[in-house]
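Biologist: I should like to learn how to read the features of a protein model. May we work through one structure together?

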Amino acid sequence: VVLLSGVSGTVLAQTVFPPGADSELDAKMLAQDRVFHLLHAYPFGVGLTGSYAGEESLELIRQFLAQDSDDVQAVTGKHPYELFSYYEGPAGIGLRGGGAMLATAFRYMSLKKEGASEEKLAPARADIVRLLKYMRIIHDITGVPYGLARGAMLMHSEFPDEPPLPHTVPELLPLFDEDGNPYPPEKSNGDCRPDNSGGVLPEGLWYWVDSCSKDQMVGWVAGMATLYDAAVDDPDIDQSLVESLQEVAREVGAGLRVKYEMDCLDGKTHEYDLVIMDADGRPTQHNDLNPLSIDNSYLPPDSKVYNVFNLIMGLGIVKGLYHVSGDPEAESFLYQELLQNRGYLDMVPEGDASATAMDYVYNGADTNHSNVNMIAIALFLNIYFEKDPTVLSKLRTYMEDNWWDVEGTPESARWLKQPYFLALYEAMTSNGTDEALAQQTASLLKAFSLGPYIDEERINCDEAELEAGSCLAIDGETELTLKSLSSWGSNPVATEALDPSIRPPSNFNARSNPFEVNGGGGTGILPGGDLLSAYWLLRYLPTRPAGEGALSPHARDHRWLGEPPVTEEPGPEVAPDLAPDVVAEDTVESIDNISADDSSVPEDTTAQVEESGKKSSGCVVGTSNPATASLLALLLLLLMGLGTLESARRRFHG
């Protein structure tokens, strides 16, 4: 036990990051926390990337952080909207914003556990309430019971006495054309849409981006699950907000149980569930969570080949939604139907994937690090909220051997110097608290240039050094050796992950490539939500001995696993009539580098976003490449006959 500093007379079990034990860490992270919640999250609670409005504004932000006050306007003389020249749109905030809700949720839970004063608890509680309300908005705005937006954005301030938001409202496209057909005809990776809530939301206040992909959904669900833990049974939070969140989780989860007819690689049409559907009645562009789908190309129901990434993602999302909703039908679907009847638990690889289990998270220098991040969040949902020892054992083994530290794979999460991954690992492992890893996480967090976190340019290697294959980093000390191959994003990379002190900044570090040696630049001001999530999660989690895993305080029991299989599947068997003349799309972006979702497009810097009118609207227009579908189909059918996926792994990743 340890007597927590500042909490007189209170003795608590020591946490991984006990407050007061590392004053430098606390000061840096609490400064960034103030920037995050009072500036980045000012519009509606989600930490948004933005741009500061010139050097004067940046200096005012720094002056504000130097003062012991949470009143931005009193210190700076400026409203938060006047300190920013730009807030990002809602296209990608499901992953970056939802995945960073852990910071807000675990901050409130930490402060409560530490016995913080009401003066400190009140604003932290208010931030929880704002996010509970926002999660309802991104559901209601779609106008369909199963819907989640990629994100929703204010069209103007909610309050008449505030200055205008520092962004312009883009052109908003209707969901259907004048003939009632989905619009635009070709499904994109997100179009800006007018409010479709039918009057549930205030008229003219919000717009949204559709085509919620699986990376956005896993972020939102992680946010929902941790918000639920922070708010449920709290006497100081209106429990009708928790019930509203549960309703969202129940309806979104029910939507994933619906089966849709999809064209399959065997030339026939079959029914598949675990499909993310959109408000226009079509699947979202990156919709597949079913393990029988590989980048939206569907394998036959009797296929021995399956997609491990979708298996883990689908199970994690279904688990997170069940954790929030407590819905008996969701419980039955997860434990009885998926894990037992379909054998999904047995399909989770142990050690090396089998010949038929396609696991493409890691691929050397060509690794898509957004995939590493997505599966990390999905594993967190699968493990931290699970009580069943059989389920935990299988998923923890996969987490340890196929995500955390894969033999012979320097791109494994263990070696990426990403605090988010180190903290999530602490929440998932049953190996006990590793003091060395805890210290590494603290050192990494202190190495970031936070409070505020500026998107400064970092060029470690000039052209001559790139040509030579080695360089001296900007700190004047670190020698970087370059790989002969460039990264998945075609940028030069080092042989090991860079320390945050020399690494190019990112709006969500955990989804960025830490091996890249050059990048950044512009007037971007970054939220650092994944870094705050790591800090607050470890400030909340108690240290544990080996053999004991961390567990959500509200983890649910279940009654299904191990009972005799049933012959009938729960839930509706076919899709409802969602839209006129809608045919499920089946497109493939690229077989040269298969990617789990829209994150196949490398993230833009804030400066690049500002330069593009299309992207600054917050509406990401994705493109598909249907011409590759037939080639992928032929390849996979051959693989089913050959019984191996090794050649496919090489082909998919170049």
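**Reading a predicted model**

Modeller: Let us start with exposure: Asp233 counts as exposed, because its relative accessibility is 62% and the cut-off for exposed is over 50%. Please keep in mind throughout that this is a predicted model.

Biologist: Where does Asp233 lie in the chain, and what is its phi?

Modeller: Asp233 sits in the loop between helix H8 (214-231) and helix H9 (239-257). Most residues other than glycine have a negative phi. Asp233 has a positive phi, near 65 degrees, although it is not a glycine.

Biologist: How should I read Lys417 by the same approach: what is its phi, and how accessible is the residue?

Modeller: Phi of Lys417 is positive too, near 60 degrees, and this residue is likewise other than glycine. Lys417 belongs to the loop between helix H14 (389-404) and helix H15 (419-428). Its relative accessibility is 22%, so Lys417 counts as partly exposed; the partly exposed class runs between the limits of 20% and 50%.

Biologist: What can be said of Ala279: is this residue buried or exposed?

Modeller: Buried means under 20% relative accessible area. Ala279 has 7%, and therefore counts as buried. The residue lies in the loop between strand S10 (275-277) and strand S11 (283-288).

Biologist: Which residues does Ala279 touch, leaving aside those up to four places away in sequence?

Modeller: Its contacts are Thr142, Val144, Tyr146, Leu175, Phe176, Asn196 and Trp208. It is also useful to compare separation along the chain with separation in space. Ala279 and Ser211 stand 68 residues apart in sequence, while their C-alpha atoms are 8.6 Å apart.

Biologist: What do the figures for the whole chain show about burial and contacts?

Modeller: The protein chain has 654 residues, of which 61% count as buried. Among its contacts with a separation of 6 or more, 74% are between residues 24 or more positions apart. The chain contains 22 helices and 21 strands.

Biologist: How does one read a sheet, and in what order do the strands of the open sheet stand?

Modeller: One lists the strands from one edge to the other and notes the sense of pairing. Here four strands form an open sheet in the order S4-S3-S21-S16, with antiparallel pairing. Strand S4 (84-87) and strand S16 (453-454) are at the edges with a single partner strand each, so each has one side without a neighbour in the sheet. Helix H1 packs on this sheet and touches S4, S16 and S21; the direction of H1 makes about 80 degrees with that of S4.

Biologist: How many bridges join S16 and S21?

Modeller: Two bridges join S16 to strand S21 (residues 524-526), in the antiparallel sense. Ile454 has Ile525 in S21 as its bridge partner.

Biologist: Which strands form a hairpin, and how many residues lie between them?

Modeller: S8 and S9 form the hairpin, with five residues between them; in the turn, Gly267 has a positive phi of about 85 degrees. Strand S8 (residues 260-263) and S9 run antiparallel, joined by four bridges. Tyr260 is opposite Tyr272 in S9.

Biologist: Which residues form the covered and uncovered faces of these two strands?

Modeller: In S8, Tyr260 and Met262 make the covered face, and Glu261 and Asp263 the uncovered one. In strand S9 (residues 269-272), His270 and Tyr272 are on the covered face, whereas Thr269 and Glu271 are on the uncovered face.

Biologist: Where are the cis peptide bonds before Pro184 and Pro452 placed?

Modeller: Most peptide bonds are trans. The bond joining Tyr183 and Pro184 is cis, with omega about -5 degrees, and Pro184 lies in the loop between strand S5 (151-154) and strand S6 (192-194). The bond from Gly451 to Pro452 is also cis, with omega near -5 degrees; Pro452 is in the loop between helix H16 (435-447) and S16.

Biologist: Finally, what lines the second largest pocket?

Modeller: A pocket is described by its volume and its lining. The second largest pocket has a volume of about 1,000 Å³. Its lining has 37 residues, with Arg34, Asp70, Arg107, Lys120 and Pro123 nearest the centre. By type, the lining divides into 15 nonpolar, nine polar and 13 charged residues. H1 contributes the most, with eight residues.

Conventions
Residues numbered from 1 in each chain as written. Predicted model: local features only at pLDDT ≥ 70, side-chain atom pairs only at ≥ 80, totals over all residues. Heavy atoms only, no water. 1 Å grid on protein atoms, 1.4 Å probe; cavity = no way out; pocket = protein on both sides within 12 Å on 5 of 7 lines; lining within 4 Å. Points joined across faces, edges and corners; volume = space filled by probe spheres on them. Nonpolar A, V, L, I, M, F, W, Y, C, P; charged D, E, K, R; others polar. Pairing = 2+ DSSP bridges. Contact = heavy atoms within 4.5 Å. Axes fitted to C-alpha atoms, helices over the stretch in contact; angles between N-to-C directions. Buried < 20%, exposed > 50% of the residue type's maximum accessible area, 1.4 Å probe, protein only.
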